[in-house]
Amino acid sequence: MNYLKTAIDGVYIIEPKRFGDLRGYFMETFKLDEFHANVDPNVNFVQSNESMSTRGVLRGLHFQKGEFSQAKLVRVSQGAVLDVAVDIRKGSPTFGKYVAVELSQENGRQLFIPRHFAHGFVVLSDKAQFQYMVDNIYAPQSEATLRFDDPDVAVAWPIPASAMLLSDKDLVGMSLADVAKL
């Protein structure tokens, strides 16, 4: 696998190697020893999740506060999304900045997002099957949402907000200024 640093410290694009022939392809999507050697030796994933969404669905920008913060390793096994990680680490020189990467079945890319980041994605294909591993349990009392359209973050979503489908929770996320006060 190739482990590519991004413009934000701690966020990595991971490119698995595919081996294909007439039958299709095979690829390893995760190897703990390689991950520890190339990304973070202290991350140990405890749960794997999956969602299925249709074109225009935006999920996020979600995070868990405090001791329940989660690191994530995300990928798409069907379709395509624009995946976004926003730095909300207090005192970080890149606070409020984001990394956006297209993840798709075609490119096989994954994104590692450390703890204390808000995370979300918008579906670019007719359907997208999205998979992610987390290093901490889900704690509903610690869950929060950064507004997907916060002007201080200014994510360049490739789909207009009028064409997006969001949950009620995602429509009323916090501003970056409010996240900074947590």
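What follows walks through the strands, sheets and charged side chains of this predicted model.

Start with the six-stranded sheet. Its strands line up in the order 1-2-10-7-12-5, the pairing is antiparallel, and the sheet is open. Strand 1 (2-5) and strand 5 (47-54) sit at the edges, each with a pairing partner on one side only. Going from neighbour to neighbour, the strands of this sheet are turned by 25 degrees on average, direction ignored. At the strand 5 edge, the partner is strand 12 (residues 127-134); the two run antiparallel and are joined by eight bridges. One of the residue pairs here is Gln-47 with Val-134, the latter being its bridge partner in strand 12.

A second open sheet has five strands, ordered 9-8-11-6-13, again with antiparallel pairing. Here the edges are taken by strand 9 and strand 13 (143-145), and each of them pairs on one side only. The twist from one strand to the next averages 25 degrees. Within this sheet, strand 6 (residues 58-64) runs antiparallel to strand 11 (residues 117-123), with three bridges between them. Two histidines face each other across that pairing: His-62 stands opposite His-119 in strand 11.

There is also a hairpin, built from strand 3 and strand 4 with two residues between them. Strand 3 (residues 18-21) and strand 4 (residues 24-27) are antiparallel and share four bridges. Asp-21 is found opposite Gly-24 of strand 4.

Now for the charges. Side chains of opposite charge can pair when their charged atoms come close. Searching the whole structure turns up 10 salt bridges. One of them brings Glu-15 and Arg-109 together, with 2.9 Å from N to O. This pair ties together distant parts of the chain, 94 residues apart: Glu-15 belongs to strand 2 (residues 12-15), while Arg-109 comes from the loop between strand 9 (98-104) and strand 10 (110-113). Both partners are partly exposed, Glu-15 with a relative accessible area of 22% and Arg-109 with 23%.

Asp-87 and Arg-89 make another salt bridge, also listed at 2.9 Å from N to O. In this case the acid is out of reach of the probe: Asp-87 has 0% relative accessibility, so it counts as buried. Asp-178 and Lys-181 form a further salt bridge, at 3.7 Å from N to O. Asp-178 is partly exposed at 35% relative accessibility, whereas Lys-181 is exposed, with a relative accessible area of 67%. Elsewhere, salt bridges with shared partners link Glu-28, Lys-31 and Glu-34 into one network.

What, then, surrounds a buried acid that has no salt bridge, such as Asp-170? Asp-170 lies in helix 2 (residues 168-171). Its nearest side chain of opposite charge is that of Lys-169, 4.8 Å away. A salt bridge would need a nitrogen of Lys or Arg within 4 Å of a carboxyl oxygen, so this pair does not qualify. A polar atom of the Asp-170 side chain does, however, lie 3.1 Å from the backbone nitrogen of Gly-60. Leaving aside neighbours within four places in sequence, Asp-170 is in contact with Leu-58, Arg-59, Gly-60, His-62, Thr-145 and Phe-148. One of these contacts, His-62, is the residue that stands opposite His-119 in strand 11.

Definitions and conventions
Residues are numbered from 1 along each chain as its sequence is written. This is a predicted model: local features need pLDDT of at least 70, side-chain atom pairs count only at pLDDT 80 or more; totals for chains, interfaces and linings use all residues. Side-chain values use heavy atoms; hydrogens and water are left out. Two strands pair if DSSP finds at least two bridges between them. Axes are lines fitted to C-alpha atoms, for helices over the stretch in contact, and angles run from 0 to 180 degrees between N-to-C directions. Buried means under 20% relative accessible area, exposed over 50%, partly exposed in between (1.4 Å probe, protein chains only). Lys and Arg count as positive and Asp and Glu as negative; His and the chain ends are not counted. A polar contact is a pair of N or O atoms within 3.5 Å; within protein, one must be able to donate a hydrogen and the other to accept it, and residues adjacent in sequence count only if both atoms are side-chain atoms. Contact means heavy atoms within 4.5 Å.
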